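Visitor: Could you take me closely through one sheet, strand by strand, and then place it within its chain?

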Amino acid sequence: MRLPRIALGAVGVAGTVAIAELVTRTGLVDRDFVPPASTVLVRAAKLAGDGEYLTQVTATLRVWGGGLLLATVTAVVVGLVLSATPWLNNAARVVVELLRPIPSLALIPLALISFSSPAQSKMSLVFYAATWPILINLLYALRDVDPVAKETLRSFGFGRLSVLLRVSLPSAAPFVATGVRIAASVGLVVVVSTELMAGAGEGVGGFLMESQSGGGHPDLMLAGAVWAGGLGLLANFLLVGLERRAFRWHTARAGDLE
Amino acid sequence: MLQINELSHSYGDHTVLRTMDLRVGEGELVSIVGPSGCGKSTLLRCIAGLIRPTSGEVLLNGTPIDGVPDDLAVVFQDYSRSLLPWLTVRDNVALPLRRRGGSRAERRSAAEGALKEVGLADAGRKYPWQLSGGMQQRVSIARALAYRPSLLLMDEPFGSVDAQTREDLEDLVLQVHQAEGMTILLVTHDIDESVYVGDRVVVLGRNPGRIRAELPIELPTPREQITTRSDPGFVRLRAEVGRLVRGAAASGDPDDSDAEPPGTKTVSATTQDDATPDDTTPDDTTPDDTTPDDTTPDDATSPGGTADGAGVEGAVSGARGGKG
């Protein structure tokens, strides 16, 4: 069941590459602006052996992962507190809905002047962007926790905090994980964009920026973009794998209902 | 051991329970039966300390219940929602024991013991959703047993399992009651079940919920599905409880407590369905030939909604008489 899906995914990638290759080789697109896919891929592969480039990738990963972790912890704590105190939840609702739609990219200038180190400003932006999907998912999941499960624990004399930690949080956990997965891709976009704009030459974005200076190397730039996409894909694979392992009970039960 | 004094409960303007008095002795197994909307579940939640009654009090061993008592366990109807899917069967059973203290090993062995008692010795490492419905409800019962409560409340525990499993679980409750000697309050809408399981049957009427009758069940023990159910005593008691339940369903204000719109006439719908041209002689002795389920208001728009209670009751009996 899973193997054909992976095979299909590979076919999709190969097909896309083939089309991109064809479009440039036939001269449909000017090769000086968009190099053939094979050239880009070879470039991208060579980057894997480039120590300097890998340092940049590590810098991006560090900021990305740190911001994501910080966002997850914060969202879970805030979500639990909000759901445990209904009045606070109501008071916060408008604020959440007001802050959530602000694009993180609009905050880049603010973050850049607020923090002295670029890493800090990037991480704070990832944190901001990543918190919302996790928090919103958690709040909705907590609202839908099965009342029978909660009542069962209450009937055994468990207090409110115990019920929150033993029933509500575990049953919301799969939704938090989904939130983290969404937040991861949003976070990557934010890091790379900030690196592009900050122009400090740091990270994957900084590399992309530099590859365009001095006449420009479109093949190098596209190779960098392939890397960014690859990182996102890898993160998604990892997180889906973790979800499958940790929340087998969730998928098994959901399957039951269908 | 359990004493309920003038218990009343309302949700807003709607009175669900009115001045209910009930005494349950140590080690007794009392079935509470009544039509839907008679406040059975509300009563049970008041006893469990999950909701605070509007007035009146519940005493457990002489102490008024304020919050959830320590010595009590509840088995809910919805086993699949009551068990935690991320815990193994054994961990589910062991979870409430955290309230009792004791080491992890002690809790685990207590859980294994309780699982063995309900016939699930080998299921401890499985997850609840890997088991059948009947087995899941056994797990819920094991969880309650492991907790060693002096009072066990069961809220329509066998309402969502098939007939065969239901009988097995009824026998399990009897066996557990025999072995452990705890006091059990079993809420059901199944008339047969209430008589088969109970030492005493309490029949509730509705709108508002109140105690309509209490019947001691003097049937030979141990009970056995085939012989007990064919015992003339069982047949007589079953008919009597059935009549009381049916009367309770018909005579109350048909405005059901499940927030049915006013004017819902339960029985008039039934009358239409069941009336046959030859229902000439109203016969009050055979109104128990159906389960109380079919009196659940499901047709709020049926005509004839203005008939008063007494008239409706007569009409229903007439319809049933004609049918029988």
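Guide: What follows looks at one sheet of chain B, the helix against it, and then the chain as a whole. The model is predicted, so local features need pLDDT of at least 70 and side-chain atom pairs pLDDT 80 or more, while totals for chains, interfaces and linings use all residues. Residues are numbered from 1 along each chain as its sequence is written, chains are lettered from A and ligands numbered from 1 in the order written, and side-chain values use heavy atoms, without hydrogens or water.

In chain B, four strands (DSSP E runs of at least two residues, numbered from the N terminus) make an open sheet, ordered S2-S1-S4-S5 with antiparallel pairing, where pairing requires at least two DSSP bridges between two strands. Because S2 (14-24) and S5 (63-64) of chain B each have a single partner strand, they stand at the edges, and one side of each lacks a neighbour in the sheet. At the S5(B) edge, two bridges join that strand in the antiparallel sense to S4(B), residues 55-60, and B:Thr63 of S5(B) is the bridge partner of B:Leu60.

Helix H1 of chain B, residues 40-47 (a DSSP H or I run of at least four residues), packs on this sheet, where it touches S1 (2-11), S2 and S4 of chain B, contact meaning heavy atoms within 4.5 Å. The direction of H1(B) makes about 120° with that of S1(B), as taken between N-to-C directions on a 0 to 180 degree scale, from lines fitted to C-alpha atoms, for helices over the stretch in contact.

Chain B as a whole holds 11 helices and 10 strands. Among its contacts between residues at least 6 apart in sequence, 73% link residues at least 24 apart.
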